[in-house]
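Shall we go through this one together, asking at each step what justifies the label? Here is the structure.

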Amino acid sequence: MSVQERKQRERAERERLIVATARELAEQQGWDAVTTRRLAERIEYSQPVLYSHFRGKREIIGAVALEGAAEMAVELRAAAAAAEGSRARVTALARTYLDFAARNPAVYDALFQLDNGLAFAHEDTPGPLKDAFAALLESLGEVAGEGVHPGLFTELFWASLHGLATLTRARRLPPEDTERRLQLLVTRLAVL
């Protein structure tokens, strides 16, 4: 291995460490606790080293969001693949989405609530964000209904899931009714 390859590998490892540490700190204490000073202390590198990877907290949040989007896409596809039939597939997608949001609140915030510097619904949208949407579209497109644009239907379904996730987490909706809400959403929106 050349010196250049070793340096590139070490740089990539440092970057993964920064992202993992930011994510861990955010999940434990919230995003307000994630500062470049605290990250530098935790990873045992100087702040200039951290800034050589990311221009600031916004880019770190974006990196966590991209990692989370990739994980979400994998989970959504696995849930869809394990379900038999359209209703079961759509229900599994919805349940998986809500479970992901509940298990990973800091990642979910990085994706959808915080300024992460990432473009959504544009040509320059990063691949992991497009892939997470595609993971929904692959199964939801088939239940959109005749004459309904599959992408628009998926956006509406996703927006509904986002509302349920956000309002439940904020305790605006009682969590004990989550399953009933999920079933109502699937029954009313999806043409099964």
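Two aromatic rings of Phe, Tyr or Trp count as a pair if their centres lie within 6.5 Å. Please keep in mind that the model is predicted.

Q: Which residues form one aromatic cluster?
A: The cluster consists of Y97, Y108, F112, F120, F133 and W158. Across the whole structure, the search finds 6 aromatic pairs.

Q: Why is the pair of F112 and W158 called tilted?
A: The ring centres are 5.6 Å apart, and the cut-off for a pair is 6.5 Å. The planes stand at 55°; stacked needs under 30 degrees and edge-to-face over 60, so the remaining word, tilted, applies. This pair also links distant parts of the chain, with F112 in helix α6 and W158 in helix α8, 46 residues apart.

Q: What makes W158 count as partly exposed?
A: Its relative accessibility is 24%. Buried would need under 20% and exposed over 50%, so W158 falls in between.

Q: How do you know that R77 and D131 form a salt bridge?
A: Their side chains meet at 2.8 Å, N to O, and the limit is 4 Å, so the pair qualifies. R77 sits in helix α4 (residues 57-82) and D131 in helix α7 (residues 127-140), 54 residues apart, so this salt bridge links distant parts of the chain. R77 has a relative accessible area of 27% and D131 one of 31%, and both values lie between 20% and 50%, hence partly exposed.

Q: What separates E10 and R6 along helix α1?
A: They are 4 residues apart in helix α1 (residues 3-29), which is about one helical turn. Their closest N and O atoms are 2.9 Å apart, and with a limit of 4 Å this is a salt bridge. E10, at 29% relative accessible area, is partly exposed, and so is R6, at 33%.

Q: Why is the contact of D177 and R180 called a salt bridge?
A: The N to O distance is 3.6 Å, and the cut-off is 4 Å, so the pair is counted. As for exposure, D177 has 23% relative accessible area and is partly exposed, whereas R180 has 63% and is exposed. Salt bridges that share partners also join R23, E67 and E71 into one network, and the structure holds 13 salt bridges.

Q: How do you know that the length of α9 agrees with a helix of 12 residues?
A: At 1.5 Å a residue, α9 should span 16 Å, and its end C-alpha atoms are 16 Å apart, so the two values agree.

Q: Which residues of α9 are buried, and where do they lie around the axis?
A: R181, L182, L185 and V186 are buried. They cover an arc of only 130° around the axis, so they lie on the same side of α9. R180 and R188 are exposed on the other side. The buried residues pack against α5 and α8.

Q: What makes the buried residues of α2 line one face of the helix?
A: T36, L39, A40 and I43 are the buried residues here. Seen down the axis of α2, they fall within an arc of 100°, so they line one face. R37 and E41, on the other side, are exposed. The buried face packs against α1, α3 (47-53) and α4. Just after α2, E44 takes a positive phi of about 60°.

Q: Why is T21 called buried?
A: T21 has a relative accessible area of 11%, and buried means under 20%, so the word fits. T21 lies in helix α1. Leaving aside neighbours within four places in sequence, T21 is in contact with L39, R42 and I43.

Q: Which residues have the most contacts inside the largest nonpolar core?
A: They are W31, L111, L140 and F157, in a core of 51 residues. Among the elements that give two or more residues to this core are α1, α5 (86-103) and α8 (150-169). The largest share, 10 residues, comes from α4. Beyond its neighbours within four places in sequence, F157 is in contact with V90, A94, L140, L185, V186 and L189.

Methods:
Residues numbered from 1 in each chain as written. Predicted model: local features only at pLDDT ≥ 70, side-chain atom pairs only at ≥ 80, totals over all residues. Heavy atoms only, no water. Buried < 20%, exposed > 50% of the residue type's maximum accessible area, 1.4 Å probe, protein only. Core = buried A, V, L, I, M, F, W, Y, C linked by side-chain atoms within 4.5 Å. Contact = heavy atoms within 4.5 Å. Expected span 1.5 Å × (residues − 1). Arc of directions from axis to C-beta.
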